[in-house]
Structure formats: C-alpha cells, structure tokens
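Welcome! Take a moment to turn the model around on your screen, and then follow this short tour from the whole chain down to single residues.

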Amino acid sequence: MQANFLSQQFNASSLAENSTACPANATICDGTSCVLPEDNFNQTLSVVLSTVLTIMLALVMFSMGCNVEIKNFLGHIKRPWGIFVGFLCQFGIMPLTAFLLSLAFNVLPIQAVVVMIMGCCPGGTASNVIAYWVDGDMDLSISMTTCSTLLAMGMMPLCLFIYTKMWTDADAIVLPYDSIGLSLVALVVPVSFGIFVNHKWPSKAKIILKVGSIVGAVLIVLIAVVGGILYQGAWIISPKLWIIGTIFPAAGYSLGFFLARAAGLSWHRCRTVSLETGMQNTQLCSTIVQLSFTPEQLELMFTFPLIYSIFQLLFALLILGGYRLYRRHRVTTKTDVEKIEQKEDSKSNGKINGGFVSDEMK
C-alpha cells in the first residue's frame, strides 16, 4: 500500500472555516476522505530490529548447538521415540486444542482461523533456550524444533484443511513456505556450527554456551518488548481472544508434559516436550495472517499472535522459576544432581528416547 486511507468526519462549522477538511500533509483530498503519506517509522524500525534480532537469534542457536553431542543427536534421529511423541503433541494436541477453544468461546470465524493457525505452527526456537535453563534434553529439544519446522511444510496445510473448513476456505490461507524454509535454515546452520565446535573444542563450547544462554534469555524478553512497541495501537480486540491467548499456551505446556510422561519419557525429557509443545513460532503465525487477510480482517485478530507470545513466555518463566525452586529445595548437592540424572538415564536402558519402562524402573 502506498498510502493509508483515513476517513475523518468534521462538523459544518469546521468545514466553513477551512477550505479543506484534510490535514495539511494530505496528498489527495475529496470532501472528508483524505489520503495521507505512509508513515514509514514503524516499517523502518521493524526492519532494523528484525535484522538485529535475527543476528542475535543465530548466535543464540549457535551457542545452544554447543551443548549438543553428535552421538546423542544422531541417536534421537535413529530411535525417534521422543521426536514422535513431540510430533503427536505439536500437530495433534495443539491443533485440536485450538479447535476446541474456538468452539468453546464461540469466537468470530476470522478469529477462530487465527487461533487455528497458531495451533498448527511448528515449535519456536525460544523453547531451546528455556529447555537449557530447566535442565532439559537439549539434543531432543534441537531435534524436535528442527523436525517440527521441516514437517510443518506438509502438516500445516493438512491440519488447516481439516480444522478450518467450517470457518473458511483453506485455499484462502497463504502459507509462506519461503519463511518456513528460512526458519529451518536459520535453525540448522548455526546449530550445526555449534555441534561442530562442541565436538572439536568442548572446553570452549562450554564458555560459549553460558554466554549464549544469557543472551538468549535477554533476546526472549527483547522480542516481547519490541512486539509491544511495534503493535501498541492494536491491543483493542475481543476479550475472548485474550482469554484464549492465556489458556492456550498453558494447555500446551500441561498436555505436552502429561502425554510425554504417559509415553514413558524421563522427567527431563518430559520438561523438554512440554516446552516444545507450548512454545509456538509466533512470528510465522503473524506472517501467515498478514499474507492471508485484508486490513479490515486484520483489525479483528492481528494482535492474537503477540498475545500468545507474551503468555507463552510468562508461563515458561513460571515453569523455570518453579523448577529452580524445586532444585534449590530438593537437590542440594552436585552429587544428588548426578544421581538423579543417572537414574533418569537408566530408564532408557540403551534407548535414546526412553519409551515405555517397567514399574520397577520408575
């Protein structure tokens, strides 16, 4: 759009006093309809911040890769039980939850569609950072994020076709395969370099990991703040979407954890699957929404991805805080930590991704 169309109503006395009812900087004026030059401030700010955030994200994912062992990572690929459980959560639980929430709150069709798009998106990279801080399985976390992003190219169209046809034509939703591909590249390339560094220089990798984990925590907060600045004028939306945006990520975390535990995964892998399930790629959701709907429709639902992003971060921080308190009160020495980790790893009994275990091993 070259310009923003603004319609302003003026009273008769105002029109009589002024020869034009439009602002002085209007390029076209026809009665009370004005065409104003496009304000490029937000657009420029968005481009600059997106560039900075992309670079920071690449560095963070590089540092996360420094905590991944090649042997363990390949083990998850060869014995993909954990990845399969994550797949069921990502493209089974989340779309179904989105569908049920849309029905339960009886939102407008266009609003139901954006909730469904969010539910069908792959996992976000922020989950890798939080998984590190809660002592999750980083090998599983990275492999789940990578696989969900890759599988999203086929699973997103399928899930949207199944769940959204009662509200809209699935063909009306434009999936940015280029954006999904870029997300995949932005994830795989820096992580691969990180894995290589960890293999060649493990001592240096530990230092990089510590720095990157701190930068990652800052990055997550920064993304939320930037979103609030760029879209501060779009917060007036249906209260129902606020409620759904609160319940949805909490349901994703909870259901992902319980399904992983029911599948026999160890506790640190359950935490990992939980985070990978609840934390969605909200940037991808926003891109799809912008490509698929008119400005009038966007007014009703564009802010939902940002709302979800804020609450998914809030609940992730609550999970992190709760886990740290648990560690402080229940695990007091390094020896205790090592015993717990050995006990959890023994449940796998040679299987990288755990799976079902006997009662005596639990």
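## The chain as a whole

Of the 362 residues in the protein chain, 45% count as buried. What you are looking at is a predicted model. Its secondary structure comes to 15 helices and three strands.

The protein chain exposes about 18500 Å², and carbon and sulfur atoms supply 65% of that area. Contacts across the sequence are worth a look too: among those between residues at least 6 apart in sequence, 81% join residues at least 24 apart.

## Spans marked in the record

The UniProt entry, which is unreviewed, places the feature "transmembrane region" at several stretches, including residues 83-105, 140-163 and 175-195. Two of these stretches can be compared with the model.

Residues 140-163 are 100% helix and 0% strand, and the C-alpha atoms at the ends of this span lie 29 Å apart. Over residues 175-195 the chain is 90% helix and 0% strand, with 31 Å between the end C-alpha atoms.

## Helix α3 and its two sides

Helix α3 covers residues 70-78, and its buried residues are F73, G75 and H76. These residues cover an arc of only 155° around the axis, so they sit on the same side of α3. On the other side of α3 you will find K71 and K78, which are exposed.

What do the buried residues of α3 pack against? Their partners are α4 (81-105), α7 (138-164) and α11 (267-278).

## Two residues of α7

S143 lies in helix α7. Its relative accessibility is 1%, and it therefore counts as buried. Leaving aside neighbours within four places in sequence, S143 is in contact with F73, H76, I77 and I83. Two of these partners, F73 and H76, are among the buried residues of α3.

M155 is also placed in helix α7. With a relative accessible area of 17%, M155 is buried, because the cut-off for buried is under 20%. Not counting residues up to four places away in sequence, M155 touches F87 and F91. The C-alpha atoms of M155 and G92 are separated by 10.0 Å, although these two residues are 63 residues apart along the chain.

## Where α4 meets α11

The axes of α4 and α11 come within 9 Å and cross at roughly 35°. This crossing is right-handed. On the α4 side the contact is made by V85, G86, C89, Q90 and M94, while α11 brings V273, E276 and T277.

L88 is found in helix α4 as well. Is L88 buried, exposed or partly exposed? At 38% relative accessibility, L88 counts as partly exposed. Not counting residues up to four places away in sequence, L88 touches I93 and L259. Along the chain, L88 and T277 are 189 residues apart, yet their C-alpha atoms are separated by 9.4 Å.

## The enclosed helix α6

Helix α6 takes in residues 126-133, and six of its eight residues are buried, so this helix is largely enclosed by the rest of the structure. The buried residues in α6 are S127, N128, V129, I130, A131 and Y132. Just after α6, D135 takes a positive phi of about 55°.

## A buried loop residue

The last stop is M279, in the loop between α11 and α12 (282-292). Which state does a relative accessible area of 1% give M279, buried or exposed? M279 is buried.

Several parts of the chain meet at this residue. Not counting residues up to four places away in sequence, M279 touches G123, G124, A126, S127, I130, Y253, Q312 and A316. Among these partners, S127 and I130 are buried residues of α6. Another partner is Y253: M279 and Y253 are 26 residues apart in sequence and 8.0 Å apart in space, C-alpha to C-alpha.

Definitions and conventions
Residues are numbered from 1 along each chain as its sequence is written. This is a predicted model: local features need pLDDT of at least 70, side-chain atom pairs count only at pLDDT 80 or more; totals for chains, interfaces and linings use all residues. Side-chain values use heavy atoms; hydrogens and water are left out. Buried means under 20% relative accessible area, exposed over 50%, partly exposed in between (1.4 Å probe, protein chains only). Helices (H or I, at least four residues) and strands (E, at least two) are DSSP runs, numbered from the N terminus. The arc is that of the directions from the helix axis to the C-beta atoms. Contact means heavy atoms within 4.5 Å. Accessible areas come from the Shrake-Rupley method with a 1.4 Å probe; for residues, only the protein chains shown count as cover. UniProt positions are given in the numbering used here, feature names are shortened, and annotations may be inferred rather than shown by experiment. Axes are lines fitted to C-alpha atoms, for helices over the stretch in contact, and angles run from 0 to 180 degrees between N-to-C directions. A crossing is left-handed if the near helix is turned anticlockwise from the far one by less than a right angle, and right-handed if clockwise.
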